[in-house]
Each structure stands twice: as structure tokens, then as C-alpha cells.
Amino acid sequence: MQPEIAVRSALGAESVALVLLLPQVPHANIMFMVKVLLCPPQYFDVIDQKNPYMTGTSAVDRVKARKQWENLRSVLQQSGYEIETIEPVEGLEDMVFAANQVFLGSKSGYGKFVVPSRMVYPSRQREVQYFVDWFRAHDFEVVDLDYGSDYLEGHGDLLWHPDGSRVFAGFGFRSTQGGVEKFSVAMSKMGIDVVPLQLVDPFCYHLDTCLSPLNHEAALIFPGAFSADALATLHRHWKRVHLLTADEAHRFMGNGIVAGGNYVTPHITPQLEQSLQREGLKPVVVDTSEFEKAGGSCFCMKVELP
């Protein structure tokens, strides 16, 4: 029997309910039963302004946030992901954004490894050790970097190419160029290439808001988020590039998750839907409005486990 996911229609201006049936067969864009780590939003809140989205004009509805998080979890499960969770910690309101505290991967000859982040904001720095402890308890080798005065914010700014050959590394707002360079040195010892990309739009303060790999050959990008050199670099690394508008990027449509032949996104436009269709992906709209108040959405809320 096929699972059902309630989503909003991508057709027309009005949001209407529909049922999307997910086929229980492997899809070219994903291997089924991949694990992801999530953190429940028990203490989620907007306390201060760490990015342009955090205006503080709208209070967080924690009941609604929990429902949205549970819906994202359900969609990921029904899209083929096995879910792991880390316990939230009181006083760490941004811990729900589980993509940021570490970078992780697996490499033949090295096994599973995790690189702890050095976050810019003190409140987020305290999150890192809880994630490092979780990964150490799950048999990950910890690769510590001497950041000095530099910063590096995990999978917010560090995105694997789907074929595992390289890592795209954003810098300019949270991660520093020096942090990326130190990370690159560590990865080179494992034979992993790192591609630095300078970010220039403060609304795209993390790379995962403006670059979304769709498969081995295609990616969504918002060109206005990148310096001219970075944009040229991206075009060299992808056979097909699908462009996002500023409005689409600033509404987190580049912060989606490729899962089970679907693209899980907080919003959809006809242009984005057409781009996804060209890559054989179906949009699944998951409301993340409470988390968008803190400057994050779908991709920010999970980290994929090797």
C-alpha cells in the first residue's frame, strides 16, 4: 500500500489540498532508507537578530512550529528516509537547525567522520558540543580544526556534490574565507576537493539558501547570491543550471530537500515547478513559516547521515 502525503497544490494561486502517492521503487535522485538527523523544536524561538529574517515582529507559535516539524518528519519518512533525533537542550533555541553544527561524511579508508563547526554567534557555539557528542557516540571520527579567528558553519555553507567527489563551500557572511581554506586543507588529505564560493546577498547568508543540487548533473541556484567569480565556477561544475529569482530564493525555495523523487520545499512557483519537472522531480510543499521567522527552512532542519 502506498503512503499518502497531504500537500498544497502547485497549480494555481490558491492553496488546495491534494494527495500525492509516492511510488515504493528506487528513484534516480535518491537511494532509499538514507538516514537523517533531526532535532525537535521544543525550545525553538527567535531571541535576537542573527540574519535579516529575524525581525522579531512576529512571535513564534511553538504549537504550530511543532506541527510543522512533525509534518516535515513525516514527509521525509514517507519519502524513504529513516529518522534519527538528537535531544533538544533548553536555552539553545536554534538547535532545531541541525544542518549547521557539524559537517559530516564518509570516505573509503577513513570511515565516517565529522568536522565540528565554529559558529559566529555565542548562543549557537554552545550547540556544537551536543552534536559532536552524538556523532562520537555513533562511531564517527571527529576531525577538529584549529580555526583561530575564522568561522565555519557546517552544512549551512558546506554542500556535498551528490556524487561525493567534492564539497561546495560558501563564505562571506557566516563562514569565513579562512575557515573554508582550513577546511579545504583537511579535506585534501582525504582526497576530497573543496570549491570555494563567495556569497554577496545578506538574505542568502548560508550557501544552502541559494544552491540546491538536484542530481549529479543539475542544480538550482540564485545567481544574485554569488560573486561573479563564484557564479562562473558554479556554471563550470554543473551540466544544467536552473535559476531561481530573488523572490524564490528569499522564500527559501532553494533550501529544499531531494527525497524519493520529490523536492520538499516550503513554497512553489510555476517557474520552479517547471525546473523540477525537467529533472524528474515532483514538488512537495511543506509549510515552514514558523522556522522562516528565524531564517531557516527544510534543508536547514536536517543533516543527512552517511
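**Cores, salt bridges and two buried loop residues**

The largest nonpolar core of this structure comprises 56 residues, and those with the most contacts inside it are L76, L197, L207, L211, F226 and I257. Helix α1, spanning residues 62-78, supplies the largest share of this core, namely 5 residues. Apart from this core lies another, made up of 20 residues, among them L37, C39, V128 and V142. The model under discussion is a predicted one.

L211 illustrates how the principal core is assembled from separate parts of the sequence. When neighbours within four places in sequence are left aside, L211 is in contact with L159, F168, L197, A219, L220, I221, F226, L234, W238 and G254. Two of these partners, L197 and F226, are themselves listed with L211 among the residues having the most contacts inside the core.

Attention may now turn to the charged side chains. A search of the whole structure finds 18 salt bridges. One of them joins K35 to E84, with the closest N and O atoms 3.6 Å apart. This pair links distant parts of the chain, for K35 belongs to strand β3 (residues 34-38) and E84 to strand β4 (residues 81-85), 49 residues apart. Both ends are partly exposed: K35 has a relative accessibility of 32%, and E84 has a relative accessible area of 22%.

A salt bridge within a single helix is formed by R66 and E70, whose closest N and O atoms are 3.0 Å apart. Because the two residues are 4 positions apart in helix α1, about one helical turn separates R66 from E70. R66 is partly exposed, with a relative accessible area of 34%, and E70 likewise counts as partly exposed at 34% relative accessibility.

D150 and K182 form a further salt bridge, the closest N and O atoms again being 3.0 Å apart. Here too distant parts of the chain are linked: D150 lies in the loop between β7 (141-142) and α3 (154-157), whereas K182 lies in helix α4 (residues 177-188), 32 residues apart. The two ends fall into separate accessibility classes, since D150 counts as buried at 15% relative accessibility, while K182 counts as partly exposed at 30%. Salt bridges also join into a network, which links D48, K50, E93 and D94.

Two loop residues complete the picture. F97 is placed in the loop between β4 and β5 (102-107), yet this residue is buried, with a relative accessible area of 4%. Not counting residues up to four places away in sequence, F97 touches F44, R124, F291, A294, G296, S297, C300 and M301. The last of these contacts brings together positions 204 residues apart along the chain, as the C-alpha atoms of F97 and M301 are separated by 4.3 Å.

H161 is also a loop residue, found between β8 (158-160) and β9 (166-171). At 3% relative accessibility, H161 counts as buried. A polar atom of the H161 side chain lies 3.2 Å from the backbone oxygen of H216. With neighbours within four places in sequence left aside, the residues in contact with H161 are R166, F168, H216, H237 and W238. Of these, F168 and W238 are also in contact with L211, which connects the surroundings of H161 to those of a residue with many contacts in the largest nonpolar core.

Key. Residues numbered from 1 in each chain as written. Predicted model: local features only at pLDDT ≥ 70, side-chain atom pairs only at ≥ 80, totals over all residues. Heavy atoms only, no water. Core = buried A, V, L, I, M, F, W, Y, C linked by side-chain atoms within 4.5 Å. Buried < 20%, exposed > 50% of the residue type's maximum accessible area, 1.4 Å probe, protein only. Contact = heavy atoms within 4.5 Å. Salt bridge = Lys/Arg side-chain N within 4 Å of Asp/Glu carboxyl O. Polar contact = N/O pair within 3.5 Å; in protein donor to acceptor, adjacent residues only side chain to side chain.
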